[in-house]
Amino acid sequence: MNTMGFYLWLLPVLLMIHEFEEIFMIEVWYEGHKEKINRIWPKKKPFGLDRPGPFLTPTISIGICAEFIGVILICFLCAVFNNYYAWFGFSIGFVLNSILLHGRDFLRFKGYTPGFVTSIVLIIPTIVILVLANNLLQYNWLEIVLSTIITNVVFGFVAFKVLHKSMPTWSAWLVKYSKKEVQE
């Protein structure tokens, strides 16, 4: 169990545990706190809530699925090329996202926000996995910092810019699909 192959594939598992909390809770949280959310975030709401359209959970699920495919691709390419810089950087980004973004939103909202519980619960196991992986990889601080910055700038741009901005398109597609009549 102390192999990079084992650690490598734990990342998508941990990520999806976190993402499931967001999928399950985003719509009920938004519906239950819409006025407070609009007051706290009058312009740019968290989770892309300023753009989702009428099918909130399915729309967000499409974005999470795209993100998951990206993570699987990162893990697959790292395994194929036996080079784990992108995986390491993304894993650190997962910890930073948990602390900085989910922590910030929790403090700003002064209460529960979707993804906060799993962010807190998964920080320690993710850090332990990173330490164990680095015992095998022996990355120095410069390699760790550069892999974190490069991976998260690229992946963060795709996840937070492209995927969030695509939400209205996905929502429109879902609306169109929901209005199709079944042809017999």
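## Close-up views of a six-helix predicted model

**View 1. The cavity lining brings together Tyr7, Leu10, Leu11, Leu14, Trp87, Ser91, Thr126 and Ile129.** Keep in mind that this is a predicted model. H1, H4 and H5 are the elements that each put two or more residues into this lining. H1 is the top contributor, with four residues. What volume does the largest cavity have? It holds about 40 Å³ of space. Searching the whole structure turns up one cavity of 30 Å³ or more. As for chemistry, the lining of this cavity counts six nonpolar and two polar residues, and no charged ones.

**View 2. The whole fold, for orientation, is six helices and zero strands.** Reading along the sequence gives α-α-α-α-α-α. The C-alpha trace spans about 55 × 50 × 25 Å along its principal axes. Of the 184 residues in the protein, 45% are buried. Take the contacts between residues at least 6 apart in sequence: 80% of them join residues at least 24 apart.

**View 3. The largest pocket contains about 990 Å³ of space.** Its lining is made up of 39 residues. Which residues lie nearest the centre of this pocket? Those are Asn97, Leu101, Ala159, Phe160 and His164. Four helices supply at least two lining residues each: H1 (4-32), H3 (56-81), H4 (85-109) and H6 (141-178). H6 accounts for the largest share, 12 residues. Sorted by class, the pocket lining has 20 nonpolar, 10 polar and nine charged residues.

**View 4. The largest nonpolar core gathers 44 residues.** Trp29, Leu49, Trp87 and Phe88 are the ones touching the most other members. Two or more core residues come from each of H1, H2 (34-40), H3, H4, H5 (116-137) and H6. H1 gives the most here, at 11 residues. One of those well-connected core members, Trp87, also turns up in the lining of the largest cavity.

**View 5. Trp29 sits among a whole set of contact partners from elsewhere in the sequence.** Skip the residues up to four places away, and what does Trp29 touch? The partners are Ile37, Trp41, Pro46, Phe47, Leu49, Phe109, Tyr112, Thr113 and Pro114. Leu49 is on that list, and Leu49 is also named with Trp29 among the core residues that touch the most other members.

**View 6. Thr113 is a loop residue, placed between H4 and H5.** Is Thr113 buried or exposed? Its relative accessible area is 0%, so Thr113 is buried. Setting aside neighbours within four places, Thr113 contacts Glu21, Trp29, His102, Asp105 and Phe106. Two of these names come up in other views: Trp29 belongs to the largest nonpolar core, and Asp105 takes part in a salt bridge.

**View 7. Arg104 and Asp105 pair up through their side chains in a salt bridge, 3.0 Å from N to O.** How do the partners stand in terms of accessibility? Asp105 is buried, at 5% relative accessibility. Arg104, with 43%, is partly exposed. Asp105 is also one of the residues that Thr113 contacts.

**View 8. Glu31 and Lys34 form a salt bridge, with 3.4 Å between N and O.** Glu31 counts as partly exposed because its relative accessible area is 49%, under the 50% that exposed residues have to pass. Lys34 is partly exposed as well, at 33%. How many salt bridges does the count come to? The count is two.

**View 9. Asn82, in the loop between H3 and H4, has a positive phi.** The angle is near 50°, and the residue is not a glycine. That's worth a look because most residues other than glycine have a negative phi. Asn82 is exposed, with 58% relative accessible area.

**View 10. Gln138, in the loop between H5 and H6, has a positive phi too.** Here phi is near 60°, again in a residue other than glycine. Where does Gln138 fall, buried or exposed? At 58% relative accessibility, Gln138 counts as exposed.

Technical notes:
Residues are numbered from 1 along each chain as its sequence is written. This is a predicted model: local features need pLDDT of at least 70, side-chain atom pairs count only at pLDDT 80 or more; totals for chains, interfaces and linings use all residues. Side-chain values use heavy atoms; hydrogens and water are left out. On a 1 Å grid over the protein atoms alone, a cavity is a set of points where a 1.4 Å probe fits but cannot get out, and a pocket is an open set with protein on both sides within 12 Å along at least five of seven lines; lining residues have an atom within 4 Å of a point. Grid points are joined across faces, edges and corners, and a volume is the space filled by probe spheres set on the points. Ala, Val, Leu, Ile, Met, Phe, Trp, Tyr, Cys and Pro count as nonpolar, Asp, Glu, Lys and Arg as charged, and the others, Gly among them, as polar. A nonpolar core is a set of buried Ala, Val, Leu, Ile, Met, Phe, Trp, Tyr and Cys residues joined through side-chain atoms within 4.5 Å. Buried means under 20% relative accessible area, exposed over 50%, partly exposed in between (1.4 Å probe, protein chains only). Contact means heavy atoms within 4.5 Å. A salt bridge is a side-chain nitrogen of Lys or Arg within 4 Å of a carboxyl oxygen of Asp or Glu.
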